[in-house]
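I'm opening my notebook on a new structure today. I'll jot down what I look up, one topic at a time.

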Amino acid sequence: MIKFLIVLLTIVCLLIVAFVAWFMVLKTNGHCPLCAMKRVFRARTLTINVDELPDYDEGMALTPPMGWSSWNTFRNHIDQELIEGIADALVSSGLADAGYQYVNLDDCWQSSMRDADGKLQGDLRTFSDGIPTLIKRINAKGLKVGLYSSNGTLTCEDMPASLGNELLDARTFASWGCEFLKYDFCHHHSLSTSCPPIEMLELNKEGVNDFIKLTPDRAEYTGRAKTIQMKDLPTGQAIGFISHGSGTATLKATVPTGGEYVLTIVYAKDLSLKPQYLQVIVNGELHEVSFPKGVGFSDNGRVQLKVKLNDGQNTFVLQNPVATFVDSSFIEYQRMGKALKQATKEWAQFTGQEEKPIVYSICEWGHAKPWLWGAKAGNMWRTTHDIFANWKSINLIYNHSIKKYAAARIGAYNDPDMLEVGNGKLTEDENIAHFSLWCMMAAPLMLGNDVRKLLDGNGNPVTNNSTLKILTNKQLIAIDQDALCKPAKRLSTAGGVDILARPLSNGDVALCLFNKKGSNRNARFDLNELKKDEYLNFANVDSFEIHDLWTDERTVTSNLNIALPKHSVKVYRVKSV
């Protein structure tokens, strides 16, 4: 027992010594140790204040996007003939008329090689005509085309992705006429919460050796940021404690003439294990800087970027706002969103044509809580990992996503992933429930089935096909596409039956009773309960007309008492009478 206590005490002492050493190393190198601990203890917290940022949407997705995606059925086996065949089937089946307008190519549309200019290109065999030509042909059918990339070094199928090439790829997509981008999370690299001490900034015109030097003693600080003494540096001082969102340093410089300048950032080297990160905000314009791993032998190093300065005084703000994994994801997804907006505007100006905005789909899998920041970075955000064509997957995704209703609004939508209606071994009741729940949640409706199977041998729609009937239910689509864009709120869950309701733009309420259990259930609901919830903003009346959106039956009543088979729903449009 005594030996055990001695060993335990020794381990504790070693841990304390290691912690103190870590604490002192961080402090000596200009970092805030307490701030650094956020990454450990607050890893899934957003510490960046996004409340004052504008929403991303610019009128490009006033209701949840509708379309088709290649992934659920075809995975990595896609080619231009298949995609055109799907586009033809969307039109011939009536799905396009029902609102499904995007034909989205998921992973593996691209070649493993970028072209001679470093640009993405379509697979050189399966998309031999080129993606721009394919987009033009699909546009001619009255449809839009979406593409796919990833917020990493490679896509999920190990094809070229967009990390470090965001603006180049965005410009490529815009020049092709792409109108939707799904941006995945594979091979992701989080931004460092750390920034090296900054010895000074230097400004000069390219090709001119004269420069303006901005040193730490001229800085104005916020938070814990401050000037620190570093005897190994030639100047003996540096800007420190701006890592981990702990503070900012602001420097000002006056130049005789505006224009493009070279900004040199001189920094103190340390043995960093990964590239470190800094944001330099020049007159309000954000520039991102990555410092390489610290393997050099000199005490200081430098990185350079080009910036635009104004005549007279200019302001430079130095910060690293990344304190957590969530902060990092927000910044990186926001980066591609900004690139997409810039690229579509540039292309419209260059061609003199009307701008084609690109709807931006954030596919971050819900790891970094995108419902907290997604509206500031894109149009829609995945709430979970991938969906599968089985009831367990659909039910799990529903249960997670329904809780996020308050995050969505016009132009910004929770995305519980693509539809599996018509796939796998789902029963008709399960297909109806799946579609209904996605409509109630104001989710993007992206078909994942082979829509060519909805046509007969003559290319005409099979009107009695169950899948086609479900996917073209005008009443349910009208709920999903309601202009108010407020998702359903779960009012109660008891006895295995969830009661969902969402307010509609004309004052009606969409009501769904959902039996998520594997046995039949009876459900009762007093419609007067709808008047009690402020979110629904329903009229204070005593009588209601309910319209069953699957049977088309209409009834005037104040109480529901219905039988629900397993995994089934009843969906009503409720109006006051």
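**Entry 1: aromatic rings**

How many aromatic pairs does the count come to? I get 19 aromatic pairs in this model, which is a predicted one. A reminder to myself: a pair of aromatic rings is described by the distance of the centres and the angle of the planes.

I looked up Trp-68 and Phe-74. Their ring centres are 6.2 Å apart and the planes stand at 55°, so I write this pair down as tilted. Tilted is the label for what is neither under 30 degrees (stacked) nor over 60 (edge-to-face). Trp-68 is buried, with 0% relative accessible area, and Phe-74 is buried too, at 12%.

Next I took Phe-185 and Trp-365. Here the centres are 5.3 Å apart and the planes are at 85°, so this pair is edge-to-face. Where do the two rings sit along the chain? Phe-185 is in the loop between strand 4 (180–184) and strand 5 (198–204), while Trp-365 is in the loop between strand 16 (359–362) and helix 10 (374–377). The pair therefore ties together parts that are 180 residues apart in sequence. Phe-185 counts as buried at 6% relative accessibility, and Trp-365 is buried at 16%.

Then I followed the ring pairs outwards from there. They link Phe-185 and Trp-365 into a cluster with Tyr-56, Tyr-183, Phe-325, Phe-330, Tyr-333, Tyr-360 and Trp-373.

**Entry 2: charges over rings**

I also checked for lysines sitting over rings. The charged end of Lys-226 is over the ring of Phe-241, 4.7 Å from the ring's centre. Lys-404 lies over the face of Trp-371, and there the distance to the ring centre is 4.3 Å.

**Entry 3: cysteines**

Which cysteines form a disulfide? I found one disulfide in the structure, and the partners are Cys-156 and Cys-186, with sulfur atoms 2.0 Å apart. The torsion about their S-S bond is about 90°, so I note the disulfide as right-handed. The bond links distant parts of the chain, 30 residues apart. Cys-156 is in the loop between strand 3 (144–150) and helix 8 (166–176), and Cys-186 is in the loop between strand 4 and strand 5. Cys-156 is partly exposed, at 28% relative accessible area, whereas Cys-186 is buried, at 15%.

Why is Cys-108 not bonded to Cys-156? The sulfur of Cys-156 is the closest cysteine sulfur to that of Cys-108, but the 9.8 Å between them is too far for a bond. Cys-178 has a similar story: its closest cysteine sulfur is in Cys-363, 15 Å away, which is too far for a bond. Cys-108 counts as buried at 13% relative accessibility, and so does Cys-178 at 1%.

**Entry 4: an open sheet**

I turned to the strands. A general point first: strands of a sheet pair through backbone hydrogen bonds, either parallel or antiparallel. One open sheet has five strands in the order 7-10-15-12-13, with antiparallel pairing. Strand 7 (220–223) and strand 13 (285–291) stand at the edges with a single partner strand each, so one side of each has no neighbour in the sheet. On average, neighbouring strands of this sheet are turned by 25° against each other, direction ignored.

I zoomed in on one edge. Strand 12 (residues 276–282) pairs with strand 13 over seven bridges, in the antiparallel sense. Ile-281 has Leu-286 of strand 13 as its bridge partner.

Asn-283 is in the loop between strand 12 and strand 13. Asn-283 has a positive phi of about 50°, although it is not a glycine. I flagged that because most residues other than glycine have a negative phi. Asn-283 counts as partly exposed, at 32% relative accessibility.

His-567 is another non-glycine with a positive phi, about 55°. The loop between strand 26 (559–564) and strand 27 (568–576) holds His-567. Is this residue buried or exposed? His-567 is buried, with 12% relative accessible area.

**Entry 5: a strand with two faces**

Last, I looked at strand 14 (residues 300–309). The covered face has Gly-301, Val-303, Leu-305, Val-307 and Leu-309. On the uncovered face I find Asn-300, Arg-302, Gln-304, Lys-306 and Lys-308. Strand 11 (residues 259–268) pairs with strand 14 over 10 bridges, in the antiparallel sense. One of the bridges joins Glu-260 to Lys-308 in strand 14.

Notes: Residues numbered from 1 in each chain as written. Predicted model: local features only at pLDDT ≥ 70, side-chain atom pairs only at ≥ 80, totals over all residues. Heavy atoms only, no water. Pairing = 2+ DSSP bridges. Helix = DSSP H or I, 4+ residues; strand = E, 2+ residues; numbered from the N terminus. Axes fitted to C-alpha atoms, helices over the stretch in contact; angles between N-to-C directions. Phe/Tyr/Trp six-rings, centres within 6.5 Å; stacked < 30°, edge-to-face > 60°. Buried < 20%, exposed > 50% of the residue type's maximum accessible area, 1.4 Å probe, protein only. Lys NZ or Arg CZ within 6 Å of the ring centre and 35° of its normal. Disulfide = S-S within 2.5 Å.
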